[in-house]
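Please look through the structure shown below. The paragraphs after it go from the DNA-facing surface to the protein interior.

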Number of protein chains: 2
Amino acid sequence: MPGRTGLTIGKLAGLSGVNLETIRYYERIGLMPEPGRTEGGHRLYEPAHRQRLAFIRRARELGFGIDGIRALLGLAEPHRRSCEAVRVIVSDHLQDVRTKIADLVRLEAILAGTVERCRDTAMAPSCSVLDLLEAAA
Amino acid sequence: MPGRTGLTIGKLAGLSGVNLETIRYYERIGLMPEPGRTEGGHRLYEPAHRQRLAFIRRARELGFGIDGIRALLGLAEPHRRSCEAVRVIVSDHLQDVRTKIADLVRLEAILAGTVERCRDTAMAPSCSVLDLLEAAA
DNA sequence: CTTGATCCCGTAGTGACTACGGGTTGCAGG
DNA sequence: CCTGCAACCCGTAGTCACTACGGGATCAAG
């Protein structure tokens with residue numbers, strides 16, 4: 001009869017670096033399973049929960065959306081780890097990331113150009129705000 | 001007595017490439033001024049509106065938030081075009097963009113590595129999903 | 001047993017739209 | 001002139017991934 005194993009949600013939040021409210025949110029949307037409860041109704045988490053939450057957090061940090069994570073978790077759980085399916089999800093996301101980078105790099109050039117011109121023409125008639133107005137992005 | 005000059009909101013949407021509902025949204029939040037109306041209450045836009053909307057669209061494409069655009073518009077309008085203030089807003093945003101690029105590039109490396117390993121180890125015991133679980137982002 | 005931290009739940013707010021639905025207006029063809 | 005239908009009106013709610021709030025219950029230390 002050892003003490004009830006289990007972390008309170010606050011402890012789990014502290015250990016995992018995920019906001020307490022966010023953990024409850026993940027439970028509401030079915031990303032985290034419902035944990036056990038104390039008699040009074042407080043959640044008690046076990047190591048498996050902590051692992052799953054860590055996985056979710058990493059995946060979020062890597063920019064996966066909730067649906068992507070759901071898919072990843074679905075593939076990770078059963079014995080049939082279809083590596084191919086995982087690869088598809090990850091490389092789709094990788095493509096998104098690369099597209100975003102390309103977009104941002106173009107943006108960066110435009111913005112940097114604007115700032116540059118702004119610095120140069122200390123007393124231009126109209127400031128480079130007008131460039132924004134004219135330039136095609 | 002020439003015809004009422006003015007575009008309907010639908011025409012403006014078509015010309016500007018901004019969704020009709022988004023134009024109404026911009027009006028609600030005070031980004032676009034209220035245009036004139038027909039007797040029946042339909043909006044009628046003049047060239048000045050079209051210009052302002054084009055400015056907003058470009059700025060959005062460059063990743064400025066609504067507040068930033070509001071500030072930019074505020075600086076663009078009066079005679080006192082304080083170029084310096086504009087430069088501050090734009091270069092703040094530029095800094096954001098650069099930070100985002102750096103983040104995404106790190107992400108890209110991690111994801112690309114995962115996909116690569118996935119491709120290599122055609123029959124690894126556990127697929128590189130576990131890498132996500134282990135790797136610090 | 002009391003106190004104060006922690007936890008409960010449901011709801012609403014964020015940014016920047018987008019979608020919906022039921023009713024009104026505008027205009028072109030007949 | 002009148003019909004029909006596209007376009008417009010407005011307010012509200014939904015999106016994504018949380019975050020914040022508030023009023024009440026529970027837990028653990030002293």
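Helix H2 (20-28) of chain A, and helices H1 (9-16) and H2 (20-28) of chain B, each contribute at least two residues to the surface near DNA strand D; helices are DSSP runs of H or I with at least four residues, numbered from the N terminus, and near means a heavy atom within 4 Å. This is a predicted model, in which local features need pLDDT of at least 70, side-chain atom pairs count only at pLDDT 80 or more, and totals for chains, interfaces and linings use all residues. Residues are numbered from 1 along each chain as its sequence is written, chains are lettered from A and ligands numbered from 1 in the order in which they are written, and side-chain values use heavy atoms, without hydrogens and water.

H2(A) gives the largest share of the surface near strand D, 5 residues. Two polar contacts (N or O atoms within 3.5 Å) reach phosphate oxygens of DNA strand D from side chains: A:Thr22 at 2.8 Å and A:Tyr26 at 2.9 Å. A polar backbone atom of A:Ile66 lies 3.4 Å from a phosphate oxygen of that strand.

A:Tyr26 is buried, at 8% relative accessible area, whereas A:Tyr25 is partly exposed, at 35%; buried means under 20%, exposed over 50% and partly exposed in between, for a 1.4 Å probe and protein chains only. The ring centres of A:Tyr25 and A:Tyr26 are 5.8 Å apart with planes at 45 degrees, so the pair is tilted: rings of Phe, Tyr and Trp (its six-membered ring) pair within 6.5 Å between centres, and planes under 30 degrees apart are stacked, over 60 edge-to-face, the rest tilted.

A:Ile23 touches A:Ile9, A:Leu12 and A:Tyr45, among others, where contact means heavy atoms within 4.5 Å.

Definitions and conventions
A polar contact is a pair of N or O atoms within 3.5 Å; within protein, one must be able to donate a hydrogen and the other to accept it, and residues adjacent in sequence count only if both atoms are side-chain atoms. Lists of a residue's contacts leave out its neighbours within four places in sequence.
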